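Let's walk through how to read the ligand and metal sites of a model. Have the sequence and the 3D view open.

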Amino acid sequence: MNLILLGAPGAGKGTQAELLIEKLGIPSISTGNMLREAIANGTETGLKAKSYMDNGLLVPDEVILGIVAERVAQPDCSRGFILDGVPRTLAQAEALEAKGVRIDHVVSIEIDDSVIEGRMTGRRVCTKCGASYHIVANPTKIEGKCDLCGSDVAIRKDDTPETVQKRLAVYHAQTEVLKDFYAARGLLRLVEGNQAIAKITDEILEKIGARV
Ligand code: ADP
Ligand code: ADP
Ligand code: ZN
C-alpha cells in the first residue's frame, strides 16, 4: 500500500503518519524530517535546503526528488510506504508518476487556516526521530522527552507565527493544486482534520479500506 498524506502545515500529517506506521506496518517517508536531519548532519543536501526552510519556502524540486527516489528504493519500502509532506508541487507529483512510483491513495487532511497557528505555537518535535507532539493536544508522557526514543523535544525554528503564515500561503499557492491532480486520477480521499487524533486515524483507515 503506497500512500500520500497531503495537507497544510500543521494539518497533522506527521502525527497521523506515526500512527499509520504501526497500523499498516509500513515506513513513513517525511521529507521535512529528512531535510532537518541533513541540516543537523551538515550534509550537502542540508546546506542546499537550509535557507529555504528557515524562510518558509519550498526546497527546490530536484533536491527533494533525489532524496525521495533513493528512499523508496530501499528494501523496507517494498511492501509499501507513506509519503508525508511530499509531493508538494505539481512538478514533484509529475516526476514521481514519470518514475513509475505507484500510488494507491492520497489522503488530504482538511483543516481551516484559522486552526493552524494554535497548532504550531504548541508543537514540539523530537530532535532525534522527528516525532511530533503538542503541549496541550498531544503532550509527551515525560515532559520534554520523546515517547518513542527518549530524546529532547524542541520548538521547530520555522514554527514562528510569521513563517507559519508564509508556509500557509505557499501551501495554497503551490501544493493545494495536487488535490485536483490526484482527484482526476481517482485517488483523492478527504478527511476532516479538526477532530480528535484517534478519530482521524480511524477515518483514514476506513477511507483507504484498511479498517482493522
Ligand atoms: P510541515 O509538516 O509543517 O508542513 P515539513 O516538515 O513537512 O513541515 O516541511 C518543513 C519544510 O521543509 C518546508 O517548509 C519546506 O521548506 C521543506 N520541505 C519539506 N518537504 C518538502 C517538499 N516535498 N518540497 C519542498 N520543500 C519541502
Ligand atoms: P504536519 O506534519 O501536518 O505539519 P503535525 O502532525 O506536526 O502536522 O501536527 C501539528 C501540530 O498539531 C502538532 O503539535 C500536533 O501534535 C498537533 N496535532 C496534530 N493533530 C492534531 C489534532 N487532530 N488535534 C489537535 N492537535 C493536533
Ligand atoms: Zn524521538
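Q: Which atom of ligand 2 is 2.7 Å from a polar backbone atom of Tyr133?

A: Start with the idea of a polar contact: a pair of N or O atoms within 3.5 Å; within protein, one must be able to donate a hydrogen and the other to accept it, and residues adjacent in sequence count only if both atoms are side-chain atoms. Here, an oxygen atom of ligand 2 is the partner of the Tyr133 backbone. The protein buries 91% of the 560 Å² that ligand 2 exposes when taken alone; such areas come from the Shrake-Rupley method with a 1.4 Å probe, and for residues only the protein chains shown count as cover.

Before going on: this is a predicted model, where local features need pLDDT of at least 70, side-chain atom pairs count only at pLDDT 80 or more, and totals for chains, interfaces and linings use all residues. Residues are numbered from 1 along each chain as its sequence is written, chains are lettered from A and ligands numbered from 1 in the order written, and side-chain values use heavy atoms, with hydrogens and water left out.

Q: Which side chains make polar contacts with ligand 2?

A: Among them, Lys13 places a polar side-chain atom 2.8 Å from a ligand 2 oxygen, and an N or O atom in the side chain of Arg123 is 2.7 Å from an oxygen of ligand 2.

Q: What is the zinc ion (ligand 3) coordinated by?

A: Look for donors, meaning N, O and S atoms within 2.8 Å of the metal (3.2 Å for Na, K and Ca); water is not among the atoms, so sites may look incomplete. In this model they are the SG atoms of Cys126, Cys129, Cys146 and Cys149, at 2.3 to 2.4 Å. Along the chain their spacing reads C-x2-C-x16-C-x2-C.

Q: What geometry does the zinc site have?

A: The ideal angle for four tetrahedral donors is 109.5 degrees. Four donors count as tetrahedral if all angles lie between 85 and 135 degrees. The zinc ion (ligand 3) has angles of 96 to 119° among its four donor atoms, so its site is tetrahedral.

Q: Is Cys126 buried or exposed?

A: Buried means under 20% relative accessible area, exposed over 50%, partly exposed in between (1.4 Å probe, protein chains only). Cys126 is buried at 4%, while Cys129 is partly exposed at 30%.

Q: Which polar contacts does ligand 1 make?

A: One of its nitrogen atoms lies 2.8 Å from a polar side-chain atom of Thr31. A nitrogen of ligand 1 is also 3.0 Å from a polar backbone atom of Val59. The protein covers 96% of the 550 Å² of accessible area that ligand 1 has on its own.

Note on methods:
Tetrahedral: all angles 85-135°; square planar, octahedral: opposite > 155°, others 65-115°.
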